[in-house]
Amino acid sequence: MIELLDKYLNNEEQKEFLEIVKPIIESEEFKYRCTSVFKHHDNITLGEHILEVAILTYLECKKRNNVSINEAVYIAMMHDLYTNPWQNNPNNKVKYFFNKHGFRHPVEAVINSANWFPEIYKKYDINILIDGIIHHMYPLPVRVYNDKNLELKTNNQIDGDLKKALIDSTNRCKIGDISFCRSRYKEGRIVSMCDKKVTRIHLKNVTSLTSGVTGRNKNITN
Ligand SMILES: [Fe+2]
Ligand SMILES: [Fe+2]
(Lines give C-alpha, C1' and ligand atoms only; values in the text may rest on other atoms or scores of the structure.)
(Ligands and ions follow the chains in the order given, each with its own letter.)
Protein backbone atom coordinates (compact mmCIF):
# COMPACT_ATOMS: atom_id res chain seq x y z
CA MET A 1 0.00 0.00 0.00
CA ILE A 2 2.85 2.39 0.88
CA GLU A 3 4.46 1.66 -2.51
CA LEU A 4 1.28 2.66 -4.33
CA LEU A 5 0.95 5.89 -2.38
CA ASP A 6 4.61 6.78 -2.99
CA LYS A 7 4.32 5.91 -6.69
CA TYR A 8 1.60 8.49 -7.35
CA LEU A 9 1.27 11.02 -4.51
CA ASN A 10 3.44 13.60 -2.76
CA ASN A 11 3.36 13.90 1.04
CA GLU A 12 0.60 16.47 1.15
CA GLU A 13 -1.57 14.52 -1.29
CA GLN A 14 -1.02 11.31 0.68
CA LYS A 15 -2.26 13.03 3.82
CA GLU A 16 -5.40 14.35 2.14
CA PHE A 17 -6.09 11.07 0.33
CA LEU A 18 -5.65 8.93 3.46
CA GLU A 19 -7.97 11.19 5.42
CA ILE A 20 -10.75 10.46 2.87
CA VAL A 21 -10.21 6.70 2.55
CA LYS A 22 -9.49 6.04 6.25
CA PRO A 23 -12.92 4.59 7.18
CA ILE A 24 -12.62 2.04 4.39
CA ILE A 25 -8.96 1.02 4.54
CA GLU A 26 -9.20 0.50 8.30
CA SER A 27 -12.16 -1.88 7.95
CA GLU A 28 -11.77 -5.65 8.28
CA GLU A 29 -13.61 -6.20 4.97
CA PHE A 30 -11.07 -4.08 3.08
CA LYS A 31 -8.08 -5.59 4.90
CA TYR A 32 -9.33 -9.07 3.94
CA ARG A 33 -9.39 -7.95 0.29
CA CYS A 34 -5.71 -6.99 0.55
CA THR A 35 -4.76 -10.64 1.22
CA SER A 36 -3.78 -13.21 -1.40
CA VAL A 37 -7.26 -14.79 -1.00
CA PHE A 38 -8.62 -11.99 -3.17
CA LYS A 39 -6.70 -11.91 -6.42
CA HIS A 40 -8.31 -9.47 -8.79
CA HIS A 41 -6.35 -9.32 -12.02
CA ASP A 42 -3.87 -12.17 -12.17
CA ASN A 43 -1.82 -11.87 -8.94
CA ILE A 44 -2.75 -8.29 -8.02
CA THR A 45 -4.95 -8.29 -4.91
CA LEU A 46 -8.37 -6.70 -4.97
CA GLY A 47 -7.24 -4.25 -2.27
CA GLU A 48 -4.30 -3.07 -4.40
CA HIS A 49 -6.55 -2.72 -7.44
CA ILE A 50 -9.14 -0.69 -5.54
CA LEU A 51 -6.53 1.56 -3.99
CA GLU A 52 -4.81 2.26 -7.32
CA VAL A 53 -8.15 3.16 -8.94
CA ALA A 54 -8.93 5.45 -5.99
CA ILE A 55 -5.53 7.19 -6.21
CA LEU A 56 -5.89 7.84 -9.97
CA THR A 57 -9.46 9.02 -9.36
CA TYR A 58 -8.25 11.44 -6.68
CA LEU A 59 -5.58 12.87 -8.99
CA GLU A 60 -8.02 13.18 -11.91
CA CYS A 61 -10.55 15.03 -9.74
CA LYS A 62 -7.91 17.49 -8.59
CA LYS A 63 -7.34 18.49 -12.23
CA ARG A 64 -11.04 19.26 -12.78
CA ASN A 65 -13.56 21.79 -11.56
CA ASN A 66 -16.99 21.07 -10.09
CA VAL A 67 -16.28 17.48 -9.14
CA SER A 68 -16.77 16.09 -5.65
CA ILE A 69 -13.40 14.51 -4.80
CA ASN A 70 -14.82 12.68 -1.78
CA GLU A 71 -17.75 11.16 -3.64
CA ALA A 72 -15.55 10.07 -6.55
CA VAL A 73 -12.91 8.55 -4.25
CA TYR A 74 -15.60 6.70 -2.27
CA ILE A 75 -17.11 5.31 -5.48
CA ALA A 76 -13.61 4.08 -6.39
CA MET A 77 -13.05 2.58 -2.93
CA MET A 78 -16.38 0.72 -3.08
CA HIS A 79 -16.73 -0.13 -6.79
CA ASP A 80 -15.40 -3.70 -6.53
CA LEU A 81 -16.41 -4.67 -2.99
CA TYR A 82 -18.02 -7.88 -4.22
CA THR A 83 -18.36 -10.84 -1.86
CA ASN A 84 -16.30 -13.79 -3.11
CA PRO A 85 -12.93 -14.10 -4.83
CA TRP A 86 -14.10 -14.55 -8.40
CA GLN A 87 -11.31 -16.33 -10.22
CA ASN A 88 -10.97 -20.12 -10.21
CA ASN A 89 -13.63 -20.25 -7.49
CA PRO A 90 -16.36 -22.92 -7.76
CA ASN A 91 -18.40 -21.10 -5.07
CA ASN A 92 -18.86 -18.22 -7.44
CA LYS A 93 -20.66 -20.27 -10.10
CA VAL A 94 -24.15 -19.28 -11.27
CA LYS A 95 -26.73 -20.84 -13.59
CA TYR A 96 -27.84 -17.85 -15.65
CA PHE A 97 -25.34 -16.18 -18.03
CA PHE A 98 -26.23 -12.59 -17.07
CA ASN A 99 -25.75 -13.43 -13.38
CA LYS A 100 -22.04 -14.10 -13.94
CA HIS A 101 -19.52 -12.16 -11.87
CA GLY A 102 -18.74 -9.63 -14.62
CA PHE A 103 -22.39 -8.50 -14.80
CA ARG A 104 -23.38 -9.10 -11.16
CA HIS A 105 -20.51 -7.74 -9.05
CA PRO A 106 -21.43 -4.00 -9.17
CA VAL A 107 -24.81 -4.89 -7.58
CA GLU A 108 -23.04 -6.86 -4.83
CA ALA A 109 -20.61 -3.97 -4.34
CA VAL A 110 -23.48 -1.54 -3.71
CA ILE A 111 -25.29 -3.86 -1.30
CA ASN A 112 -22.11 -4.79 0.60
CA SER A 113 -20.70 -1.27 0.85
CA ALA A 114 -24.05 0.20 1.95
CA ASN A 115 -24.08 -2.33 4.80
CA TRP A 116 -20.41 -2.01 5.72
CA PHE A 117 -20.12 1.80 5.45
CA PRO A 118 -23.55 3.27 6.31
CA GLU A 119 -21.95 6.49 7.57
CA ILE A 120 -20.61 7.25 4.06
CA TYR A 121 -24.02 6.58 2.49
CA LYS A 122 -25.61 8.88 5.07
CA LYS A 123 -23.18 11.72 4.49
CA TYR A 124 -23.02 11.75 0.67
CA ASP A 125 -25.48 11.64 -2.24
CA ILE A 126 -26.59 8.02 -2.53
CA ASN A 127 -27.62 8.47 -6.17
CA ILE A 128 -24.11 9.59 -7.15
CA LEU A 129 -22.46 6.81 -5.13
CA ILE A 130 -24.75 4.01 -6.32
CA ASP A 131 -24.91 5.06 -9.98
CA GLY A 132 -21.11 5.35 -10.07
CA ILE A 133 -20.59 1.87 -8.63
CA ILE A 134 -23.31 0.30 -10.77
CA HIS A 135 -22.06 1.57 -14.12
CA HIS A 136 -18.30 1.42 -13.52
CA MET A 137 -17.87 -1.48 -15.96
CA TYR A 138 -19.32 0.42 -18.93
CA PRO A 139 -19.13 -0.44 -21.86
CA LEU A 140 -19.77 -3.80 -20.21
CA PRO A 141 -23.42 -4.02 -19.11
CA VAL A 142 -24.57 -4.60 -15.54
CA ARG A 143 -27.25 -6.94 -14.19
CA VAL A 144 -30.61 -5.24 -13.52
CA TYR A 145 -31.71 -5.41 -9.88
CA ASN A 146 -35.15 -7.02 -10.19
CA ASP A 147 -37.35 -9.77 -8.76
CA LYS A 148 -35.75 -12.55 -10.81
CA ASN A 149 -33.15 -14.75 -9.14
CA LEU A 150 -29.97 -12.68 -9.28
CA GLU A 151 -27.86 -15.43 -7.66
CA LEU A 152 -26.14 -12.79 -5.54
CA LYS A 153 -23.32 -14.04 -3.29
CA THR A 154 -24.13 -11.75 -0.41
CA ASN A 155 -26.35 -12.17 2.64
CA ASN A 156 -26.56 -8.42 3.10
CA GLN A 157 -29.85 -6.71 2.28
CA ILE A 158 -30.80 -3.26 1.11
CA ASP A 159 -34.03 -1.31 1.58
CA GLY A 160 -35.70 2.11 1.57
CA ASP A 161 -34.05 4.91 -0.42
CA LEU A 162 -30.96 2.82 -1.09
CA LYS A 163 -33.01 0.08 -2.71
CA LYS A 164 -34.93 2.64 -4.75
CA ALA A 165 -31.68 4.25 -5.98
CA LEU A 166 -30.29 0.81 -6.90
CA ILE A 167 -33.44 -0.08 -8.86
CA ASP A 168 -33.50 3.32 -10.60
CA SER A 169 -29.84 3.09 -11.57
CA THR A 170 -29.98 -0.46 -12.98
CA ASN A 171 -33.22 0.25 -14.85
CA ARG A 172 -31.68 2.96 -17.00
CA CYS A 173 -30.99 1.86 -20.62
CA LYS A 174 -32.39 -1.58 -19.83
CA ILE A 175 -32.32 -4.41 -22.37
CA GLY A 176 -33.89 -7.50 -20.81
CA ASP A 177 -31.96 -8.26 -17.60
CA ILE A 178 -29.02 -5.96 -18.30
CA SER A 179 -28.50 -2.22 -18.17
CA PHE A 180 -26.16 -0.71 -20.69
CA CYS A 181 -25.10 2.88 -19.98
CA ARG A 182 -22.39 4.96 -18.41
CA SER A 183 -22.86 6.74 -15.11
CA ARG A 184 -25.12 9.75 -15.10
CA TYR A 185 -22.59 11.64 -12.91
CA LYS A 186 -19.07 12.94 -13.59
CA GLU A 187 -17.74 11.30 -10.43
CA GLY A 188 -18.80 7.83 -11.61
CA ARG A 189 -17.48 8.38 -15.13
CA ILE A 190 -14.05 9.37 -13.76
CA VAL A 191 -13.90 6.16 -11.68
CA SER A 192 -14.89 4.08 -14.69
CA MET A 193 -12.09 5.66 -16.74
CA CYS A 194 -9.50 5.16 -13.98
CA ASP A 195 -10.64 1.54 -13.47
CA LYS A 196 -9.86 0.82 -17.12
CA LYS A 197 -6.51 2.62 -16.93
CA VAL A 198 -5.46 0.50 -13.95
CA THR A 199 -6.71 -2.70 -15.59
CA ARG A 200 -4.67 -1.91 -18.74
CA ILE A 201 -1.52 -1.36 -16.64
CA HIS A 202 -1.76 -4.83 -15.09
CA LEU A 203 -3.37 -7.14 -17.65
CA LYS A 204 -0.81 -9.69 -18.82
CA ASN A 205 -2.52 -11.17 -21.84
CA VAL A 206 -5.80 -12.24 -23.37
CA THR A 207 -6.34 -14.94 -20.71
CA SER A 208 -6.49 -12.25 -18.07
CA LEU A 209 -9.09 -10.46 -20.15
CA THR A 210 -11.33 -13.43 -20.96
CA SER A 211 -11.25 -14.50 -17.30
CA GLY A 212 -13.53 -11.50 -16.71
CA VAL A 213 -16.37 -13.53 -18.17
CA THR A 214 -15.29 -17.14 -17.67
CA GLY A 215 -14.05 -16.74 -14.07
CA ARG A 216 -11.08 -19.02 -14.91
CA ASN A 217 -7.53 -17.66 -14.99
CA LYS A 218 -4.48 -19.88 -15.45
CA ASN A 219 -2.14 -16.89 -14.88
CA ILE A 220 -2.86 -17.14 -11.17
CA THR A 221 -0.32 -18.86 -8.95
CA ASN A 222 -1.34 -20.17 -5.55
FE1 LIG B 1 -15.46 -4.12 -11.49
FE1 LIG C 1 -12.23 -2.37 -10.76
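This tour moves from the whole chain to one enclosed helix, its core, a sheet and two single residues.

**The whole protein.** Before selecting anything, keep in mind that this is a predicted model. With the full C-alpha trace displayed, the protein spans about 50 × 40 × 30 Å along its principal axes, and its secondary structure consists of 11 helices and five strands. The radius of gyration is 16 Å, which agrees with the value near 17 Å that a compact globule of 222 residues would have. If you colour by burial, buried residues account for 42% of the 222 residues. Of the contacts between residues at least 6 apart in sequence, 76% join residues at least 24 apart.

**Helix 5.** Select residues 69–78 next, which form helix 5; eight of its 10 residues are buried, so this helix is largely enclosed by the rest of the structure. The buried ones to highlight are Glu71, Ala72, Val73, Tyr74, Ile75, Ala76, Met77 and Met78. To see what surrounds them, add helix 2 (11–25), helix 4 (46–63), helix 6 (101–116), helix 7 (118–123), helix 8 (126–134) and helix 10 (186–202), against which the buried residues of helix 5 pack.

**Helix 2 against helix 5.** Now hide the other elements and keep this pair. Two packed helices are described by the angle between their axes and the distance between the axes. Here the axes of helix 2 and helix 5 come within 10 Å and cross at roughly 35 degrees, and the crossing is right-handed. On the helix 2 side the contact is made by Ile20, Val21 and Ile24, and on the helix 5 side by Asn70, Val73 and Met77. Centre the view on methionine 77: leaving aside its neighbours within four places in sequence, this residue is in contact with Val21, Ile24, Ile50 and Ala54.

**The nonpolar core.** Widen the selection from methionine 77 to the largest nonpolar core, which has 52 residues, and in which Ala54, Ala76, Met77 and Val110 touch the most other members. The elements giving two or more residues to this core are helix 2, helix 4, helix 5, helix 6, helix 8, helix 9 (160–170) and helix 10. Helix 4 supplies the largest share, nine residues.

**The sheet.** Turn next to the strands, three of which form an open antiparallel sheet in the order 3-5-4. Strand 3 (142–143) and strand 4 are the edge strands, each pairing on one side only. Strand 4 and strand 5 (residues 178–179) pair in the antiparallel sense over two bridges, and lysine 174 has serine 179 of strand 5 as its bridge partner.

Stay on strand 4 (residues 174–175) and pick isoleucine 175, which lies in this strand. Is isoleucine 175 buried or exposed? Isoleucine 175 counts as exposed, because it has 9 C-beta neighbours inside 10 Å, where 12 or fewer is the cut-off for that class. A distance label from its C-alpha atom to that of valine 144, 31 residues apart along the chain, should read 9.0 Å.

**Tyrosine 185.** The last stop is in the loop between strand 5 and helix 10, where tyrosine 185 is found. Tyrosine 185 is buried, with 21 other C-beta atoms within 10 Å; the class requires 20 or more. Leaving aside its neighbours within four places in sequence, tyrosine 185 is in contact with Ile128, Asp131 and Gly132. Its C-alpha atom is 9.2 Å from that of leucine 129, although the two residues are 56 apart in sequence.

Definitions and conventions
Residues numbered from 1 in each chain as written. Chains lettered and ligands numbered in written order. Predicted model: local features only at pLDDT ≥ 70, side-chain atom pairs only at ≥ 80, totals over all residues. Helix = DSSP H or I, 4+ residues; strand = E, 2+ residues; numbered from the N terminus. Rg over C-alpha atoms; globule rule 2.2 N^0.38 Å. Contact = placed C-beta atoms within 7 Å. Core = buried A, V, L, I, M, F, W, Y, C linked by C-beta atoms within 7 Å. Pairing = 2+ DSSP bridges. Axes fitted to C-alpha atoms, helices over the stretch in contact; angles between N-to-C directions. Left-handed = near helix turned anticlockwise from the far one by under 90°.
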